[in-house]
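Q: I would like to learn how to read a protein model together with its bound ligand. Could you guide me through it step by step?

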Amino acid sequence: MVENNLKHILSELPPEVKLVAVSKFHPAEDILAAYNAGQRRFGENRPQEFAAKAASLPSNIEWHFIGHLQTNKLKMVLPYASLVESIDSLRLLDAVEKWGSEHDRVIDVLLELHLGAEETKGGLTEEEIEYILSLDSEAEDAATLPPKAVYQHVRFRGLMGMATNTDDVSVVEADFARIEAFKKSLEDRYDLPDFTELSIGMSHDWPVAIRHGATIVRIGTAIFGPRVY
Ligand SMILES: *Cc1c(COP(=O)(O)O)cnc(C)c1O
């Protein structure tokens, strides 16, 4: 089943768009079934489960962390994560910078924009994202001034967002159009050579996300079936 689902999605996904198979709540066997079918990029959203799977599954898996991350759980996630997609507060960003500095690592991250209508969804506001990027570009511009070196251990790779959970496609379209336009305006105004990724789209809305410039889609249910909580 997993193999067929994966084949079906890959047959419809433009080849340049990266597929994150979201394996949260599914056992290692399911991940291996997808792995044996050729899938190498997986996403998890709970630190403990992420660490246990990453430590025991093949080391050439590219792991994305996609959930809310508390600052006291960084050590479970950052050693394994190729990309932390869900930077949702300044406090978390500062903690990741500190961890990177202590471990002499540069951590690839996406800034999560609060996108959907739900208040319960996490994420940064547009103003907070502007603030973060302006701090960083000031640090880089200032050739003649002592460097401020705000985020030397974090590489900003782009934006992540979750659309409103609704069957109304026009609402989802509007959410994805907003994040697409916001990313473009950031690229126009800041010097961000690595800021190339737009992670939007899940099982039920990824075809809409593709029309709005998704470079990464995060698909769970449509690959692994429903999650049992
Ligand atoms: C669970 C999850 C997904 C995948 O959701 P599906 O609807 O199962 O495809 C994508 N992104 C995030 C952030 C998630 O938590």
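A: We will go from the overall chain to the surroundings of the ligand, keeping in mind that this is a predicted model.

Q: How many helices and strands are there in the protein chain?

A: The protein chain holds 9 helices and 8 strands. Its radius of gyration is 18 Å, close to the 17 Å that the globule rule gives for 229 residues, so the chain is as compact as a globular protein of that length. Taken along the principal axes, the box filled by its C-alpha atoms is roughly 60 × 40 × 30 Å.

Q: Which residues surround the ligand?

A: To read a binding site, one lists the residues with a heavy atom within 4 Å of the molecule. Here these are V22, K24, I66, M162, M202, S203, R218, I219, G220, T221 and R227. This shell divides into 5 nonpolar, 3 polar and 3 charged residues, and the space that the ligand takes is the largest pocket.

Q: Where do polar atoms of the protein lie 2.9 Å, 2.8 Å or 2.7 Å from the ligand?

A: For a polar contact, one looks for a pair of N or O atoms within 3.5 Å. In the side chain of R218, an N or O atom is 2.9 Å from a nitrogen atom of the ligand. A polar backbone atom of G220 is 2.8 Å from an oxygen atom of the ligand, while R227 places a polar side-chain atom 2.7 Å from an oxygen atom of the ligand.

Q: How much of the accessible area of the ligand does the protein cover?

A: On its own the ligand has 390 Å² of accessible area, and the protein covers 92% of this.

Methods. Residues are numbered from 1 along each chain as its sequence is written. This is a predicted model: local features need pLDDT of at least 70, side-chain atom pairs count only at pLDDT 80 or more; totals for chains, interfaces and linings use all residues. Side-chain values use heavy atoms; hydrogens and water are left out. A polar contact is a pair of N or O atoms within 3.5 Å; within protein, one must be able to donate a hydrogen and the other to accept it, and residues adjacent in sequence count only if both atoms are side-chain atoms. Accessible areas come from the Shrake-Rupley method with a 1.4 Å probe; for residues, only the protein chains shown count as cover. On a 1 Å grid over the protein atoms alone, a cavity is a set of points where a 1.4 Å probe fits but cannot get out, and a pocket is an open set with protein on both sides within 12 Å along at least five of seven lines; lining residues have an atom within 4 Å of a point. A molecule sits in a cavity or pocket if more than half of its atoms lie within 2 Å of its grid points. Ala, Val, Leu, Ile, Met, Phe, Trp, Tyr, Cys and Pro count as nonpolar, Asp, Glu, Lys and Arg as charged, and the others, Gly among them, as polar. Helices (H or I, at least four residues) and strands (E, at least two) are DSSP runs, numbered from the N terminus. The radius of gyration is taken over C-alpha atoms; the globule rule is 2.2 Å times the number of residues to the power 0.38.
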